[in-house]
Amino acid sequence: MRARTHSVSVIVFGMLTLVGAPQFSYATQIVIPGAPFTGLAWTDADIGDAIDMQEGGTYAVPFGVAGNAYVGIQNDFYGLEAGSLYTVSATSSTRTFIAHPNGLPPTPFSWQRAGTYELDLYAASDASMATITTVHFTIQNANDPCATPGACHDSVLFLPGIEGSRLYEGNGCGHTTEEKLWEPVNSILDIYKGDTHVNELDLNSSGQSICADIYTKPGDIVDSVYHSFETEMDTLVARGTIQAWEPVAYDWRLSLSDLVNKGAERNGKIYYADATSTPYIEQTLRQLAANSQTGRVTIIAHSNGGLVAKALLQKLGGTAAAKLVDKVILVAAPQDGTPADIGSLLLGYQAGIYAYGSIPIVSNQAARAFAQNSPMAYHLLPSAAYVANAGQDPKHPLVSFEGSDYQRAEDAYGSIINTIQGLTDFLVAAGGDRTQPSAGDLNHAIVANPALLSYATSTHATLDTWVPPAGIMVDQIAGWGVDTVGGIDFYTPSPGQRGLACAACATRPEYRPIFIEDGDGTVTAPSALMMASSTSVKSYWVNLNRFNKDYSTQNKHADILEIPQLAALIDNILTNSTSSLPAYISTDQPPPLSTGKKLTFFLHSPLSLQLTDASGNTTGVAPDGSTTENIPSSTYGQFGEVKYIIAPEGSPYTLSMHGLASGTFSLDIEESSGDAVTASSTIANVPTTANTTVTMRVTSGISTLSPMTIDENGDGTIDATVTPKLGQTVVFDTVPPELQATFSTTTRAIVWSAIDNSGSATVTSATSPVYASFEKDAGRGGEHAEKGKKDAQDMRQKYGERHGLYATMVTARDATGNTTVLSYTQLATPFFRAHSAITLQSIAYNGATTTLSGARIAYYVAYNRHKNLLETFVAALRTASSTVVAVYEPRRDKTVVTTRNLSHSPGELKHFDRRGVMRHKRQTLPGLVIPYIQTEKGSLIISY
């Protein structure tokens with residue numbers, strides 16, 4: 001402060017005398033101001049510093065220090081003014097009277113409180129004391145280092161999310177030494193101990209720990225998840241921006257009530273199962289507040305930590321909470337639950353932890369079994385508030401049922417669930433639609449714990465109505481733009497989708513997630529921002545979609561605090577900065593992603609699933625088991641037995657699948673805009689082995705899908721292809737085509753064609769001399785050598801080199817690789833000029849061979865070369881059960897067909913004459929009739 005000096009006017013015996021410019025101090029004498037001003041002047045009696053307090057100013061003064069105050073009005077007679085000084089409430093216009101300072105003589109006065117002041121000025125000589133003007137200014141405590149805005153900041157208490165605190169087991173439950181149970185892997189040697197460690201964390205049906213010696217330790221959070229955030233907080237402390245910060249480790253298995261009412265620290269161990277008069281989290285909050293620069297704390301809470309924070313503040317009550325807490329920053333907190341937890345609790349959806357894509361550090365089965373009795377899994381379920389608001393979207397219901405597998409569920413709960421009662425009934429199977437499956441059965445949903453579901457319902461009934469007490473600011477932050485589970489679709493696949501070769505599939509129901517973009521991959525934005533914005537509640541969106549595209553990252557719910565721009569926003573909130581919002585942060589919801597379509601691939605096991613873009617980036621599981629999400633804005637996940645990849649449309653992709661076991665698989669492909677599915681295609685019932693490799697390409701949208709190529713045994717040769725059809729299910733064909741042999745009067749030879757149930761099939765043939773096989777036997781030596789040589793020699797002598805007996809294999813192959821192979825022998829040179837005669841040997845369907853006995857085909861034709869007329873046509877066809885002979889008579893242009901049935905069943909004895917000879921069936925048909933022979937499921941039939 002500077003010392004004030006004035007040139008003064010002194011009134012002596014009623015006469016105004018101008019005196020030079022002597023220097024006076026308020027500390028020793030009365031001084032009349034010579035410089036006109038409007039306001040209040042206060043002089044520190046100890047040091048003589050004077051301060052003019054005028055309209056709109058902010059002034060720091062020492063509280064409780066004696067001084068002199070006087071008022072003045074510009075252009076008025078000095079010493080003839082007076083005023084009334086009031087404090088003004090920060091939340092209303094209420095005024096509280098403080099003092100009546102005068103123009104002369106100064107009024108003794110000391111400041112006692114900070115805040116806004118109002119000074120009404122009037123002429124002391126005016127009997128009516130009418131106010132001439134009013135002045136407002138702000139007073140701060142000069143002895144308070146935090147009086148200046150931005151000078152001091154809150155200390156920070158941090159509450160991590162589920163699985164964000166390490167948990168230990170002492171020697172009270174069978175161990176001889178302490179063992180860390182979470183994180184579940186302490187070294188590479190423990191990689192298969194995860195399920196065992198999780199089992200030791202099990203709780204009973206009341207949600208209480210079975211082992212009483214489970215504890216956490218002060219500040220012991222999982223730093224691999226919060227590394228950048230911890231570094232940022234440490235930096236703020238090092239700079240002196242905040243006095244301290246404390247990460248609070250807690251036993252995330254337990255109920256919110258246990259966490260805020262219990263927690264006893266003994267010898268550096270915190271037991272949240274133990275009751276205490278000073279619960280650990282509250283105790284930590286009070287210690288931070290006591291040492292904070294401001295005397296208050298900012299709570300930063302991530303995910304489930306947000307529910308813990310709200311439960312703590314609710315337990316403290318409004319008055320106590322406002323004294324201890326200044327701000328609450330909720331980051332991706334599922335305030336009224338999230339639909340993804342339905343899948344986690346019932347089906348183990350993304351509940352486990354896997355290394356390299358397939359090695360279970362913690363299996364989904366073990367995680368689901370653990371969650372069944374854990375209160376945390378229940379208070380994360382969608383609450384009544386969530387269902388009443390976000391759960392009413394008919395395109396994205398919380399739960400939907402379709403088909404015969406779920407008829408009982410549909411009868412009990414309806415085709416969709418959009419009420420809290422319906423959801424509650426379904427979770428506990430109140431409709432009798434299912435029983436408790438075995439622990440390892442992820443194909444069927446468990447029956448939830450009714451007692452813990454009741455706990456969650458009552459908890460949210462009060463938690464969801466909580467509003468910040470006066471004086472506490474809440475900043476709620478949601479991640480946005482990452483595909484997030486908005487519900488679960490339980491459906492019955494078509495017979496083709498189940499897989500004809502999969503016996504277990506015939507009774508296995510199917511389910512898959514319903515995705516929305518309004519979330520961070522785990523928590524939906526409506527839940528993270530459930531409190532309505534107000535003067536005490538601010539809402540922010542973090543555009544994860546844009547951030548991940550710009551930085552080629554895959555930040556989601558778990559690592560949202562690792563985003564630098566979000567760290568900058570939190571710093572601004574802590575320091576009350578008015579800086580503009582960092583990039584990717586907005587106070588309005590980002591526009592829908594309708595301008596960019598997405599492709600979703602749902603794979604029903606047993607294969608791995610991987611997508612590769614044109615730059616070589618991959619998302620999914622590679623053949624070596626490693627998992628990646630390197631394609632920008634892509635997602636890989638597994639929902640029970642269903643694996644899925646979501647990727648932006650527009651880039652050329654290659655979809656690769658590698659067999660993990662024998663069975664069949666189905667692939668569903670969807671194209672979506674925003675949250676709406678606009679096109680789909682399904683390929684079903686494709687056989688696979690542990691060596692199968694499947695490839696498919698897409699140039700842009702779903703309409704550019706290539707045929708699926710299948711190398712069933714992994715030898716590098718494509719065994720089958722399947723062409724997808726838009727809007728349809730293409731069932732992989734396991735039925736071989738049928739072969740048909742007839743006679744062509746154009747080529748004057750037997751012609752082969754194929755008949756296939758799913759389209760066209762190709763026919764090829766391979767012919768070799770029969771005596772070549774005898775020579776082959778001779779070349780092998782042994783007892784067949786001499787016979788082979790003789791047989792080959794006899795063949796040459798009988799038929800000659802050019803006129804030998806030939807063996808032919810005719811193969812029909814359809815688009816999916818099914819084959820029918822028919823083998824026959826024929827004479828290379830006919831007995832007559834135009835003669836085709838063959839003897840059928842065997843037929844093989846996909847390698848399963850049947851020997852044909854006595855089956856022959858012979859066509860005898862003669863043409864008039866000069867007139868090019870058919871003069872003779874005789875067809876003689878024979879199978880094991882019948883013969884057909886057809887003779888064409890050119891002059892009458894008719895064909896006489898004679899049929900003999902060779903069956904000897906009792907019902908057909910009437911067809912035999914007295915001599916036991918089968919009666920002939922003869923008919924005359926107009927024109928040229930050419931009988932043909934056709935395969936039919938392993939046998940032969942003759943038709944015409």
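This is a chat about one sheet and one helix in a predicted model.

Student: Let's start with the sheet. Which strands are in it, and in what order?

Tutor: Six strands make up an open sheet, running E34-E35-E30-E37-E38-E42, and their pairing is mixed.

Student: Which strands stand at the edges?

Tutor: Those are E34 (635-639) and E42 (729-731). Each has a single partner strand, so one side of each is left without a neighbour in the sheet.

Student: And how are neighbouring strands turned against each other?

Tutor: By 15° on average, ignoring direction.

Student: Back to E42. In what sense does E38 pair with it?

Tutor: E38, residues 676-688, pairs with E42 in the parallel sense, over three bridges. If you want a spot to look at, find Ala-684, which stands opposite Val-731 in E42.

Student: Okay, new topic: helix H13. What should its span be, and what is it in the model?

Tutor: H13 covers residues 450-463, which is 14 residues. At 1.5 Å a residue it should span 20 Å, and its end C-alpha atoms are 20 Å apart, so the two agree.

Student: Which of its residues are buried?

Tutor: Leu-452, Leu-453, Tyr-455, Ala-456, Thr-459, His-460 and Leu-463. Looking down the axis of H13, these buried residues fall within an arc of 150°, so they line one face of the helix.

Student: What do they pack against?

Tutor: Four helices: H3 (256-261), H5 (304-316), H9 (375-379) and H12 (420-427).

Student: Last one: what does Asn-449 reach at the start of H13?

Tutor: The backbone nitrogen of Ala-451; a side-chain oxygen of Asn-449 comes to within 3.0 Å of that nitrogen.

How values were computed
Residues numbered from 1 in each chain as written. Predicted model: local features only at pLDDT ≥ 70, side-chain atom pairs only at ≥ 80, totals over all residues. Heavy atoms only, no water. Pairing = 2+ DSSP bridges. Helix = DSSP H or I, 4+ residues; strand = E, 2+ residues; numbered from the N terminus. Axes fitted to C-alpha atoms, helices over the stretch in contact; angles between N-to-C directions. Expected span 1.5 Å × (residues − 1). Buried < 20%, exposed > 50% of the residue type's maximum accessible area, 1.4 Å probe, protein only. Arc of directions from axis to C-beta. Contact = heavy atoms within 4.5 Å. Polar contact = N/O pair within 3.5 Å; in protein donor to acceptor, adjacent residues only side chain to side chain.
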